Amino acid sequence: SYDTTNALQEGTDDSVGGHTWIRRVHFHQICNPTLITEAICLEGLLSRRAVGRWLPCFTGLALECGRAMEMHQYSVYEILRGEHAGKHILAFMGTDYTMQALADLDAYVGGSLIRHYATGARDVFSEMDSMYGIDFVTGHSLAGLLSEIVTDTFGVKGASFGGLGGWTPNPVSNLLTYGNYDDVVFDVIIHQYDFLVQSFANPLDFIGDWDGTSNVALYCHIRWTTNPCYNPLSCHSSVNYAKYSSSKYYTARYADAFPIEGGLQFDGNPSFIDDF
């Protein structure tokens, strides 16, 4: 993915930021189960059995990966400068493997697989918080949903980028407590044409005005971006979000956009719009 901390090395100043602002202090590699276990979990997702359909999947995951938190790839970053110097960010990785894609699909109904991932995300936060003291949590796509669940559970500040939402008026599939995150701020950054996320809009969300991303909790602060993108994958990609949403006030861009011979430049960020 687009490495903002490295891409901002040249030509930066204190108002824009760059690689001197954060450093990674912890990294955890995801456990990627075998194709056999993935196939078993896919069968569980598609099965119409009322009882026991997830048991073979979770048995396989436990044998191959152990705890639910091993199903996540994540890093902890320390902020080195500015008003938040010394604070720590927990960042989850979004969908990059088959099992994560299955969890994305299961999020639509709030099923057992996405709840297994949510349990793992909570365990990750608890362990990392005990080690570093986590001040913020974030992620893209599936990881955005997991970040929202962590915020909802522990009341830690956070933000998601192109993330699925966790709330729905259907109590069976709702993944959040609807408790306003213990009055902390959780921002949802979403592109107006990120239809890969918006296509997951819950059909039961008749309470909302259909402006939000999929099932986004009603108390989220939604920030819409409008920068150029050219297809559904482009509009949803972490590359796109990193390039144009690296700051509320600044965006990193290439002078001629495509191709990139123009070099990296910094502008005010007109594509970052509150309450679009």
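Reader: Why is Ser237 called partly exposed?

Author: Its relative accessible area is 21%. Buried means under 20%, exposed over 50%, and partly exposed in between, with a 1.4 Å probe and protein chains only. Ser237 therefore counts as partly exposed. This is a predicted model, where local features need pLDDT of at least 70, side-chain atom pairs count only at pLDDT 80 or more, and totals for chains, interfaces and linings use all residues. Residues are numbered from 1 along each chain as its sequence is written, and side-chain values use heavy atoms, with hydrogens and water left out.

Reader: Where is Ser237?

Author: Ser237 sits in the loop between α8 (232–236) and α9 (238–244). Helices are DSSP runs of H or I with at least four residues, strands are runs of E with at least two, and both are numbered from the N terminus. The C-alpha atoms of Ser237 and Asp194 are 8.9 Å apart, with their positions 43 residues apart along the chain.

Reader: Is Ser141 buried or exposed?

Author: Buried, because its relative accessible area is 8%. Ser141 lies in the loop between β4 (136–140) and α6.

Reader: What makes the phi of Ser141 notable?

Author: Phi is near 65°, a positive value in a residue other than glycine. Most residues other than glycine have a negative phi. A positive phi also comes after α6, at Gly155, near 70°.

Reader: How do you know that α6 is mostly covered?

Author: Eleven of its 13 residues are buried. Among them are Leu142, Leu145, Ile149 and Asp152. The cover includes β3 (88–92), α4 (98–107), α5, β4, β5 (157–161) and β6 (186–191).

Reader: What span is expected for α6, and what does it reach?

Author: The expected span is 1.5 Å times one less than the number of residues. For the 13 residues of α6 that gives 18 Å. From first C-alpha to last, α6 reaches 19 Å, close to that value.

Reader: Why are α5 and α6 called oblique to each other?

Author: The axes of α5 (residues 112–132) and α6 (residues 142–154) cross at roughly 60° and come within 9 Å. Angles under 35 degrees count as roughly parallel, over 145 as roughly antiparallel, 65 to 115 as roughly perpendicular and the rest as oblique. The pair is therefore oblique.

Reader: Which residues make the contact?

Author: Contact means heavy atoms within 4.5 Å. From α5 come residues including Ile114, Tyr117, Arg122 and Phe125. From α6 come residues including Leu142, Leu146, Val150 and Phe154.

Conventions: Axes fitted to C-alpha atoms, helices over the stretch in contact; angles between N-to-C directions.
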